[in-house]
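Let's walk through this structure together, beginning with the ligand site and moving on to the helices.

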Amino acid sequence: MRRDDSISPTSALPLLEIRRLCLDFGTPRGRVHALRNVSLDVPFGQVVGIVGESGSGKSTLAYAAMGLLPENADVTAGSIVFEGKDLLKMSAPARRSLLGDRLSMIFQDPMTALNPVRNIESQMIDIQHHEQGSRSEKRARALEMLHRVGIPDPQSRIGGYPHHFSGGMRQRICIAMALLVRPALLIADEPTTALDATLEVQIIRLLKDLQKEIGCSILFVSHHLGAVAELCDRVAVMYAGEVVEQGAVRDIFHKPAHPYTRALLECDPGRIRKKTRTLPTIPGEVPSLLGNKIGCIFRTRCQHAISRCVQENPGEYRVGVDQVARCHLLGEERLVSA
Ligand code: SF4
């Protein structure tokens with residue numbers, strides 16, 4: 001049995017539990033505080049979305065969970081507990097052994113994710129190195145999965161190289177490879193960004209179907225709110241390295257509590273009902289993450305900022321049964337953590 005017996009799909013504990021994670025990047029200009037005090041759960045069998053503008057730290061968080069950070073990354077505090085074990089305390093070989101087994105990832109660009117000089121067959125067989133079975137059995141599984149993700153005539157196409165496939169097909173192949181190992185957690189980093197709108201819908205539906213079939217959890221990073229609404233059960237909204245609001249998708253999309261979440265939703269082209277030639281934007285820019293920050297990280301762009309927002313970083317306030325947000329305006333009686 002590969003799964004840790006202490007943590008199972010029936011356990012009350014989440015599959016992935018990120019707590020107070022702080023991560024810096026060392027740069028010639030100083031330390032960039034890319035993640036600050038980030039806490040997030042991915043429950044068993046659920047899809048959790050991470051949304052936010054570019055530079056919000058969404059992909060950094062996904063890569064931190066996978067253990068695929070560059071050398072200048074430095075986790076300064078916090079934990080990433082997966083199946084009951086803190087990944088940050090594991091040895092490098094133990095952590096590597098989870099990849100392509102319990103943890104799997106789909107990257108934004110399928111062309112760079114696949115090896116251009118090896119055919120699809122060899123790459124799909126290699127990814128099953130943790131699995132039992134002969135090469136022909138692994139090939140048969142690969143063919144079955146290519147069929148599941150909608151690659152026509154997999155028998156004749158499995159010998160092809162990545163450049164023989166369109167962008168949408170390559171991303172389907174990446175999804176097939178990521179799910180072939182039946183991971184407990186699939187991390188998808190902007191998997192539909194490089195695709196056109198029609199293909200995006202197809203890929204989202206495919207992910208949804210396969211997630212239900214395999215029963216895995218998904219951490220889905222995207223800047224596309226419509227895709228998150230379609231696919232996810234829960235969502236975390238990130239801004240400048242912090243999770244400013246999180247909860248069930250229906251609550252966040254229908255009753256956003258944080259000024260940034262509201263602004264983000266107002267800018268979503270899919271929610272604009274009136275005809276317009278100019279799309280709304282959030283005035284101002286994401287602040288530099290160099291150096292220590294005091295006060296609310298969103299204050300330079302927030303229309304509701306008060307003097308307290310300059311001096312004090314807001315704690316976490318409960319705004320619903322399954323929804324928390326970080327904003328001083330939410331009322332002291334709702335404060336759950338500093
Ligand atoms: Fe705006 Fe202040 Fe709330 Fe931050 S804490 S979102 S600046 S009102």
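The paragraphs below cover the ligand and then helix packing. This is a predicted model, in which local features need pLDDT of at least 70, side-chain atom pairs count only at pLDDT 80 or more, and totals for chains, interfaces and linings use all residues. Residues are numbered from 1 along each chain as its sequence is written, and side-chain values use heavy atoms, with hydrogens and water left out.

Start at the ligand: the residues around it (a heavy atom within 4 Å) include His258, Cys296, Arg299, Cys302, His304, Cys309, Cys327 and His328. This shell divides into eight nonpolar residues, three polar and one charged, where Cys and Pro count among the nonpolar, Arg among the charged and His among the polar.

Now turn to the helices, which are DSSP runs (H or I) of at least four residues, numbered from the N terminus. Helix H5 (residues 135–148) packs against helix H7 (residues 167–180) at about 130°, their axes 9 Å apart. That makes H5 oblique to H7, since angles under 35 degrees count as roughly parallel, over 145 as roughly antiparallel, 65 to 115 as roughly perpendicular and the rest as oblique. H7 also packs with helix H8 (residues 197–214), at an angle of about 15° and with axes 11 Å apart, so H7 and H8 are roughly parallel.

Definitions and conventions. Axes are lines fitted to C-alpha atoms, for helices over the stretch in contact, and angles run from 0 to 180 degrees between N-to-C directions. Helices (H or I, at least four residues) and strands (E, at least two) are DSSP runs, numbered from the N terminus.
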